[in-house]
Number of protein chains: 2
Amino acid sequence: MNVSTATVSLALRDSPLVAEQTRERIKDHARAIGYIYNRRAASLRTSRSGIVGVVVHDIMNPFFAEILKAIESELDRSRQTFILSNHYDQLEKQRTFIDTLLQLGADGVIMSPAIGTPPEDIIVAEENGLPAVLIARTVEGAQVPVFRGDDAYGTALATNHLISLGHKRIAMVGGTDQTSTGRDRYHGYLGAMEKAGLPVDPAWRISGPRTKQGGFEAAGQFLALKDKPTAACCWNDLVAIGLMNGISRAGLVPGVDVSVTGYDDLEEAAIATPALTTVWNGQREVGRQAARALLDKLSGASVKPSQELIRPELHVRQSTARPVERS
Amino acid sequence: MNVSTATVSLALRDSPLVAEQTRERIKDHARAIGYIYNRRAASLRTSRSGIVGVVVHDIMNPFFAEILKAIESELDRSRQTFILSNHYDQLEKQRTFIDTLLQLGADGVIMSPAIGTPPEDIIVAEENGLPAVLIARTVEGAQVPVFRGDDAYGTALATNHLISLGHKRIAMVGGTDQTSTGRDRYHGYLGAMEKAGLPVDPAWRISGPRTKQGGFEAAGQFLALKDKPTAACCWNDLVAIGLMNGISRAGLVPGVDVSVTGYDDLEEAAIATPALTTVWNGQREVGRQAARALLDKLSGASVKPSQELIRPELHVRQSTARPVERS
DNA sequence: CTGAAAGCGCTTACAG
DNA sequence: CTGAAAGCGCTTACAG
């Protein structure tokens, strides 16, 4: 060939500094010998890796499915490789992952922070050249952009819907107060009840469940409540569907004997039996905007550490109806 | 500090070549200045990256959840970083991913190959130093280890169970003949029917659906069959649950009017209404063994390109019962 | 037990 | 438009 490595390097990256003919000749030859570009070497030199990390509680949770898909398609477009990881709400796992990203020289990270994430964890990452963007949950004190749904508004939507149907005793099933999301959703429910002048019995708060299995198991507790509520405002669709399954198993009919609302509007909500009334959470938007914000940061734009709240929408289906007064 | 970089390098990796005192001094100092190990540089030098790629159709599909978790925990133990990707059964996406792995100098790849993967794709990867292990699906002609369930045996289990309950007209809903899995499962069903001397109407094969949504939509087609089958042997749990939802929506009772079997035994199968009779597929074993095999390959052991078939088990629940003869 | 030197495969000024 | 040289941050023989 008789060209210098510099020329090869430029040619392969389509630099106009190389004559078209030379460029083609080099490219053909590269293809012919099965040349494999060594990104480690390039990255070592440029300190850009083309890698973006994404870490959430559990990538297998369908709640994240749409978010991740949106992130994936945004990043694909910018030819960034993305590395996914679960932290299962364990700070240690999250730290190990961030460490790995730093060692690999990742360009940035999108994270749904684990419960108890101190702002320092994020600050340290940023100081070491790993810009971060948060999704779904906030970390107080971390000066980074956050993208999530307006959770308080969303559960208020669901609760108001139940109230307007005539329900007065409404339980809130699932979720935990240890996350900003959990607190916000609970407050949305409380606020709606208060505004309607309805009393709230602390026993109506069944906290904890976050999965279908959890919702299923919570059915027993729910059905055993004295002065049983006529409706349940659930933490998410998984809990709602599990709860409905548990209610069916006990011989009652969800959507008739007990009204149930979900949260997230998973694909599954529409085909559940009965079809689930739920709150659409804008997951796709969350993913898209978070990825965009990170890419902006990477290209040097100054992204201010704002809270972006996506406005949820109520999707009414068959799992909610007027209360049946048993006398 | 006054030590050479060589000493630092050795000290940080706990080499016995460095005096304990020196080692501690170096480590303390590294911590103090917030030293971050540069894996790109190390990898460039050693040509070992500590990265393993995993690519499947869709990581959000719950079928892969247990497999991925098992792989994750095996790889974690060997301190390998794993990079996950979806190929959505698009060869191009799969190729791009393998290319990325090659460029990053990944140590190996575990893949559930996309439909139509030619053996060359795998051979090229291996020749470029990226050993591969397959899960769930086989690629004829690729000399690599494969780990999957014994699909034909599994659907035969389900079909025989239905036959033993007295069903004679049994449909097979979902899946595609374009994958080895699809063909194997269909053959298991066919074989069981034949062995029992039962005729099979080609119209009973409703191929295609692989998701809950797909199963839900297939309900219409199933219920419209002339001489409607009394049972459906489904491609997987998602299809089965979707089908049951569709059957309910049409006013029939799954598990009574129509018996339904699933495949995979997802967590969800046990809490479906009715609880789903299904075939446990040994996902955890598949993931564990595949990861082990790859790690063995990485550590230089010679791993023969065998087919490892995990033996499935039937889990009987409430979605199957004797046929109701309507006269 | 520790240090000086070479080299992994790129990219980027700098010369020509 | 092309080439020679330096350097990114490690690890690994090799000397001492």
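Copies are superposed by least squares on the C-alpha atoms of residues with pLDDT of at least 70 in both. The model is predicted.

**Both protein chains.** Start by selecting chains A and B. A turn of 180° with a shift of 0.0 Å along the axis lays chain A on chain B, with an RMSD of 0.0 Å. That is the relation of a two-fold axis. The two copies use the same surface: 100% of the contact residues of chain A recur in chain B.

**DNA strand C.** Next, show DNA strand C and the 24 residues that surround it. The closest are A:S9, A:Y35, A:R45, B:T22 and B:R45. Of the atoms of the strand that come within 4 Å of the protein, 71% belong to sugar and phosphate.

Now look at phosphate oxygens of the strand. A polar side-chain atom of A:S9 is 2.2 Å from one, and a polar side-chain atom of A:R13 is 3.5 Å from one. From the other chain, B:T7 places a polar side-chain atom 3.1 Å from a phosphate oxygen. Colour α1 (5-12) and α3 (39-46) in chains A and B: these are the elements that give two or more residues to the surface near the strand. The largest share, four residues, comes from α3(A). By class, this surface has 13 nonpolar, eight polar and three charged residues.

**A helix pair in chain A.** Finally, select α4 (residues 62-77) and α11 (residues 283-298) of chain A. Their axes come within 7 Å and cross at roughly 35°, and the crossing is right-handed. Among the residues that meet are A:F63, A:I67 and A:L75 in α4(A), and A:V286, A:A291 and A:L295 in α11(A). The contact has eight nonpolar, two polar and six charged residues.

Definitions and conventions:
Residues numbered from 1 in each chain as written. Chains lettered and ligands numbered in written order. Predicted model: local features only at pLDDT ≥ 70, side-chain atom pairs only at ≥ 80, totals over all residues. Heavy atoms only, no water. Contact = heavy atoms within 4.5 Å. Axes fitted to C-alpha atoms, helices over the stretch in contact; angles between N-to-C directions. Left-handed = near helix turned anticlockwise from the far one by under 90°. Nonpolar A, V, L, I, M, F, W, Y, C, P; charged D, E, K, R; others polar. Near = heavy atom within 4 Å. Polar contact = N/O pair within 3.5 Å; in protein donor to acceptor, adjacent residues only side chain to side chain.
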